[in-house]
Amino acid sequence: AGADVTALAICAAHDNRPDELLEIFHDLQHELGYVPEQTLPVIANALNRSRAEVYGVLTFYHEFRRTPGGRHNIKICRAEACQAMHTQNLCRHAEDKLKVKFGETTADGQFSLEAVYCLGNCALSPAMMIDGDLYGCVDKERFDSIIADLDR
Ligand code: FES
């Protein structure tokens, strides 16, 4: 119920304006760490939109988390410059290593994995960000050692 109240308050702070839905999701994720499914009907109602519409917006943008995040939040860049430097190999490796898909959190709650689209670090592709810290030229070995350092 707490999440519902938070969602209502955030909608109200945005004057229940449907054109501010993205900002509302951002605020909610900032408050709660993710956008809980249970808040969608509340938001839809407040903004006078259908649930399907609100859900569609939420899932369209990969930056929103729909489950609670891990202790460490790993964001791997999947935009063009990083793609050219084989970020897809790194992404596959990260999923295998952590045994999660993008948008999910490891069973022990240590790591959540997210995709981002350009971290402004294209010169050092492939790039990733963990808890706000930027890493460049990340290959499989580097990924493993960074993770091992954090997982203590
Ligand atoms: Fe990955 Fe810019 S494309 S950091």
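**A four-stranded sheet, its helices and two cores**

Threonine 87 is buried, with a relative accessible area of 1%. This value, like every other one here, comes from a predicted model. Threonine 87 belongs to helix α6. Beyond four places in sequence, its contacts are Ile76, Cys77, Arg78, Cys82 and Pro126. Two of these residues, Ile76 and Cys77, fall within strand β1, which spans 72-77.

The sheet comes next. Four strands form it, in the order β2-β1-β3-β4. The sheet is open, and its pairing is mixed. Strands β2 and β4 (133-135) are the edges, each pairing on one side only. On average, neighbouring strands are turned by 20° against each other, direction ignored.

The mixed pairing can be followed from β1. Strands β1 and β2 run parallel and are joined by six bridges. Within this pair, asparagine 73 has serine 112 of β2 as its bridge partner. Strands β1 and β3 run antiparallel, with three bridges between them. Here isoleucine 74 is partnered by isoleucine 130 of β3. Isoleucine 76, in turn, stands opposite methionine 128 of β3. In a regular strand, side chains alternate between the two faces of the sheet. Strand β1 is largely enclosed by the rest of the structure, because five of its six residues are buried.

Helices pack on this sheet. Helix α6 touches β1 and β2. Its direction makes about 155° with that of β1. Helix α7 lies across β1, β2, β3 and β4. It runs at about 5° to β3.

Sheet and helices share a nonpolar core. This core is the largest in the model and holds 18 residues. Ile74, Ile76, Met128 and Phe143 have the most contacts inside it. Five elements each supply two or more residues: β1 (72-77), α6 (87-98), β2 (111-116), β3 (128-130) and α7 (140-150). Helix α6 gives the largest share, four residues.

Methionine 128 shows how these parts meet. Residues up to four places away in sequence are again left out. Methionine 128 then touches Ile74, Lys75 and Ile76, along with Leu119, Asp133, Leu134, Tyr135, Val138, Phe143 and Ile146. Apart from this core lies another, of 16 residues. Ile10, Leu28, Val42 and Leu47 are among its members.

Two members of that other core, Ile10 and Leu28, also take part in a helix contact. Helix α1 (residues 2-13) packs with helix α2 (residues 21-32). The axes are 10 Å apart and meet at an angle of about 140°. That angle makes α1 oblique to α2. The crossing is right-handed. From α1, the contact uses Ala3, Thr6, Ala7, Ile10 and Cys11. From α2, it uses Ile24, Asp27, Leu28, Glu31 and Leu32.

Helix α2 also meets α4. Their axes come within 11 Å and cross at roughly 65°. The two helices are therefore roughly perpendicular to each other. This crossing, too, is right-handed. Helix α2 brings Leu21, Leu22 and Phe25 to the contact. Helix α4 brings Val54, Val57 and Leu58.

Two loop residues deserve a look. Arginine 65 lies in the loop between α4 (51-60) and β1. Is this residue buried or exposed? Its relative accessible area is 12%, under the 20% limit, so arginine 65 is buried. Its contacts, leaving aside neighbours within four places in sequence, are Gln29, Gly33, Tyr34, Val35, Asn73, Ser112 and Glu114. Among them are Asn73 and Ser112, the bridge partners in β1 and β2 described above. Proline 18 is 47 residues away from arginine 65 along the chain, and their C-alpha atoms are separated by 20 Å.

Asparagine 121 sits in the loop between β2 and β3. With 13% relative accessibility, asparagine 121 also counts as buried. It touches Ala127, Leu134, Tyr135 and Gly136, again without residues up to four places away in sequence. Leu134 and Tyr135 are listed among the contacts of methionine 128 as well.

How values were computed. Residues are numbered from 1 along each chain as its sequence is written. This is a predicted model: local features need pLDDT of at least 70, side-chain atom pairs count only at pLDDT 80 or more; totals for chains, interfaces and linings use all residues. Side-chain values use heavy atoms; hydrogens and water are left out. A nonpolar core is a set of buried Ala, Val, Leu, Ile, Met, Phe, Trp, Tyr and Cys residues joined through side-chain atoms within 4.5 Å. Buried means under 20% relative accessible area, exposed over 50%, partly exposed in between (1.4 Å probe, protein chains only). Contact means heavy atoms within 4.5 Å. Two strands pair if DSSP finds at least two bridges between them. Axes are lines fitted to C-alpha atoms, for helices over the stretch in contact, and angles run from 0 to 180 degrees between N-to-C directions. Angles under 35 degrees count as roughly parallel, over 145 as roughly antiparallel, 65 to 115 as roughly perpendicular and the rest as oblique. A crossing is left-handed if the near helix is turned anticlockwise from the far one by less than a right angle, and right-handed if clockwise.
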